[in-house]
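Trainee: Could you take me through the largest pocket in this one, slowly? I'd like to know what lines it, and then what the packing around the rest looks like.

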Amino acid sequence: MKKEGFKKLITNLPQHPGVMGRDRFFNSAVLIPFVKIKGEYFILFQKRAAGIKQGGDICFPGGGFEEGIDKDFKDTALRETNEELGIAKKDIKIIGQLDTMVASFGTIVEPFVGLIKKKAIKNMKLDKNEVEKTYLIPLDYFKQNEPDIYNLRTEVKPYHIDEHGNKEVYFPVDELKLPETYQKPWGNKKHKVYVYKYKKRVIWGLTAVILNDLLKKY
């Protein structure tokens, strides 16, 4: 490497390291909405409409970053909350942000913590195409009730056999002359799955991971 090239490398090293390869992932943001009612803090959750991806799941409002519309991920969280729940940006006070989450299936989530005006909750207008209903759950409930913990196992598969028995190759292990071990699924890594239960309602997945991290700070 020439001296000039090395100087350029030094100059381009990030002052504040972020997420490597972010452009390879689906980038999104969510809002963890708090509401104060009679001196007690509640978290606002929403149940996804049955006809959409992950329908029926309980989650936070949020969605994908939209280039040219959102200035930053905070904008994404506020815009999605407005679109899904009809809560205006002026009725939400952002009070902080949790660490960036990088999910194993190719999604990055930026979680923001916000305080919503009580009157805005009464005047919500749900987008029924995306949201079936909402729930207010006391923050203290989660602090007093630990989640159930399960495990899921993930594998990396270089190919797939479809319903007709045809082999669809994603990663040409043979052609690349990689070790034989990569010719079949590898990884087998187990990861924790948190499950919170509240009055027969189940909160799990990314929402439960974010909630668990939030509670460690409370």
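Mentor: Let's settle terms first: Ala, Val, Leu, Ile, Met, Phe, Trp, Tyr, Cys and Pro count as nonpolar, Asp, Glu, Lys and Arg as charged, and the others, Gly among them, as polar. Keep in mind that this is a predicted model. On that split, the lining of the largest pocket comes out as 23 nonpolar, 16 polar and 11 charged residues. That's 50 lining residues, with Met 101, Ala 103, Phe 105, Gly 205 and Leu 206 nearest the centre. The space inside is about 1,500 Å³, and S12 gives the most to the lining, 8 residues.

Now the second largest pocket, with about 190 Å³ of space. Its lining has 9 nonpolar residues, no polar ones and 1 charged. Phe 34, Tyr 41, Ile 95 and Leu 98 are among the residues there, and so are Lys 217 and Tyr 218.

As for packing, the largest nonpolar core has 24 residues, and Ile 32, Ile 43, Phe 45 and Phe 142 touch the most other members. Elements giving two or more residues to this core include strands S1 (26-37), S2 (40-48) and S12 (186-198), plus helices H4 (139-144) and H6 (205-215). H6 gives the most to this core, with 5 residues. Zoom in on Phe 45 and, leaving out residues up to four places away in sequence, you'll find contacts including Ile 58, Phe 60, Tyr 135, Phe 142, Thr 207 and Leu 211. There's also a second, separate core of 16 residues, Val 35, Leu 44, Phe 73 and Ile 92 among them.

How values were computed
Residues are numbered from 1 along each chain as its sequence is written. This is a predicted model: local features need pLDDT of at least 70, side-chain atom pairs count only at pLDDT 80 or more; totals for chains, interfaces and linings use all residues. Side-chain values use heavy atoms; hydrogens and water are left out. A nonpolar core is a set of buried Ala, Val, Leu, Ile, Met, Phe, Trp, Tyr and Cys residues joined through side-chain atoms within 4.5 Å. Buried means under 20% relative accessible area, exposed over 50%, partly exposed in between (1.4 Å probe, protein chains only). Helices (H or I, at least four residues) and strands (E, at least two) are DSSP runs, numbered from the N terminus. Contact means heavy atoms within 4.5 Å. On a 1 Å grid over the protein atoms alone, a cavity is a set of points where a 1.4 Å probe fits but cannot get out, and a pocket is an open set with protein on both sides within 12 Å along at least five of seven lines; lining residues have an atom within 4 Å of a point. Grid points are joined across faces, edges and corners, and a volume is the space filled by probe spheres set on the points.
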